[in-house]
Amino acid sequence: MIEIHGPTYKYQGERLHQPEIIWINDHCFNEEDQCFHIERLLEAGPCDPQLHTLIFDHIGHDDALSKYNSICFPIFLATECQEFIEQDIVPFWDRKTSIFNFSINKPRIHRQFLLEEIARLGLTGYTHSLAWKFNPVNSMQVTDYKFGPEIKNEMGIRNGNFKNAKTYNELLKKDVFEPSCISIITEPCFYEKEAMVTEKTFMAIVGGTIPIWFGGWKNAQYLTRLGFDVFEDVVDHSYETLEDPYERCTQALERNLHLFDLEKMQKIIVNNRHRLQYNVDLFLTNPFLQECFKQISQSKEPLRSSLLEIMPKFRYNLFQQQVIEYKKMDNINDYKQ
């Protein structure tokens, strides 16, 4: 198995001479070069590209990489979710005094675009985190997004060993997410038609907010398949399948402008609190971990062994014991058959 770190990988002329299983850690579209370097790798070798198997750690592809043999193995989400569970967060949703929130760390294209759109549309009544030393986009205030020895860069914070769940609980929970009704979520993907949710979506769930994804592709659809309520009767999520990535952003707001009214949203939150709680209850079962084991069970060799190799070694070896127990049960089932 070949492991590739998606955000930093650039094709350098390597050639694949035999079928490979390629584990791609994190999203892999290069915005500067406007391409997937992994596609260049697959197409350059003498081996038929369709004989390789790609393992993604996110949740869906409808772009250039969708033509290859692949599996979406949400181990990153399972890990993040487990860390939120172990953080033992106590929710408090009784003071929804702001219409919406947004939280920005790394300055991706659509995150800077969000600042422009909020100003263009004259949206007010928000809580936010903007972890930059200065804001080069407009006059929106930067915030103090630091509670320990993290490194503060010009535009963004390097959290180091701090887990996102801890950052949420100690920095963002009380002042950004819980006082607001809507979360405008800016996940990493922008150009690519790639469904990818991260801790940003998780914070929106545990904060008791209704999600709108600014950028991204089919995130609402994916979470619905896992059983989450994305409030399709409240939010028009049709923006997430528009062809133009900028349109996916602008229409996320424009098609839902009627929601940016505090009194209206406060009533919606009160009337739908049971649905918000349902999402948290589902989240606390870690459905992403269940999906990982489902993928393992449905896979054949040698892919199955590769997934079982990835899972216990992924960040902090968090699921090492669960994999050991799974293998024991799997051996028992094989014996019974």
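In this predicted model, Y191 is partly exposed, with a relative accessible area of 26%. Y191 sits in the loop between β12 (180-185) and β13 (194-195). Leaving out residues up to four places away in sequence, the list of what Y191 touches reads F29, E31, Q34, I109, P245, Y246 and R248. N69 is not on that list: Y191 and N69 are 122 residues apart in sequence, and their C-alpha atoms lie 22 Å apart in space.

Stepping back along the chain leads to I182, in strand β12 itself. With a relative accessible area of just 1%, I182 is buried. A good way to see how the chain folds back on itself is to look at I182 and F100: they are 82 residues apart along the chain, yet 4.3 Å separates their C-alpha atoms. F100 also turns up among the contacts of I182, together with I99, N101, T209, I210, I212, L259 and M265, once neighbours within four places in sequence are set aside.

Next comes helix α1, which covers residues 37-44. Its buried residues are H37, I38, E39, L41 and L42. Strands help to cover them, including β1 (2-5), β2 (21-25), β3 (29-30), β4 (35-36) and β5 (53-56). A44 also belongs to α1, but A44 counts as partly exposed because its relative accessibility is 24%, and the cut-off for buried is under 20%. Not counting residues up to four places away, A44 touches Y11, E14 and R15. As for L16, it is 28 residues away from A44 in sequence, and the C-alpha to C-alpha distance is 7.7 Å.

Now for the nonpolar interior. The largest nonpolar core has 84 residues, and F288 and M311 are the ones with the most contacts inside it. Beyond its neighbours within four places in sequence, M311 is in contact with F73, I75, L289, C292, F293, I296, F319 and V323. Another core lies apart from this one; it has 16 residues, I38, L42, L65 and C72 among them. Two of these, I38 and L42, were already met as buried residues of α1.

How do two of the helices pack? The axes of helix α2 (residues 75-87) and helix α10 (residues 287-298) come within 7 Å and cross at roughly 145°. The crossing is left-handed. On the α2 side the contact is made by I75, L77, A78 and C81, and on the α10 side by F288, L289 and C292. Sorted by type, the residues of this contact come out as 7 nonpolar, no polar and no charged. Some names here are familiar: F288 is one of the residues with the most contacts inside the largest core, while I75, L289 and C292 are among the contacts of M311.

What about disulfides? A search of the whole structure finds 0 of them. Take C292 as an example: the closest cysteine sulfur, in C81, is 11 Å from its own, so the two are too far apart for a bond. C292 is also buried, at 0% relative accessibility. The story for C249 is similar in kind, because its sulfur is 12 Å from the closest cysteine sulfur, in C189, which is too far for a bond. C249 is buried too, with a relative accessible area of 0%.

Finally, a few backbone details are worth a look. D88 has a phi near 55°, a positive value in a residue other than glycine. D88 lies in the loop between α2 and β8 (98-104), and at 61% relative accessibility D88 counts as exposed. N286 also has a positive phi, of about 55°, although N286 is not a glycine. N286 is found in the loop between α9 (273-283) and α10. Is N286 buried or exposed? At 2% relative accessibility, N286 counts as buried. On to the loop between α10 and α11 (303-313), where P302 is found. A cis peptide bond joins E301 and P302, with omega about 5°.

Definitions and conventions: Residues are numbered from 1 along each chain as its sequence is written. This is a predicted model: local features need pLDDT of at least 70, side-chain atom pairs count only at pLDDT 80 or more; totals for chains, interfaces and linings use all residues. Side-chain values use heavy atoms; hydrogens and water are left out. A nonpolar core is a set of buried Ala, Val, Leu, Ile, Met, Phe, Trp, Tyr and Cys residues joined through side-chain atoms within 4.5 Å. Buried means under 20% relative accessible area, exposed over 50%, partly exposed in between (1.4 Å probe, protein chains only). Contact means heavy atoms within 4.5 Å. A disulfide is a pair of cysteine sulfur atoms within 2.5 Å. Helices (H or I, at least four residues) and strands (E, at least two) are DSSP runs, numbered from the N terminus. Axes are lines fitted to C-alpha atoms, for helices over the stretch in contact, and angles run from 0 to 180 degrees between N-to-C directions. A crossing is left-handed if the near helix is turned anticlockwise from the far one by less than a right angle, and right-handed if clockwise. Ala, Val, Leu, Ile, Met, Phe, Trp, Tyr, Cys and Pro count as nonpolar, Asp, Glu, Lys and Arg as charged, and the others, Gly among them, as polar.
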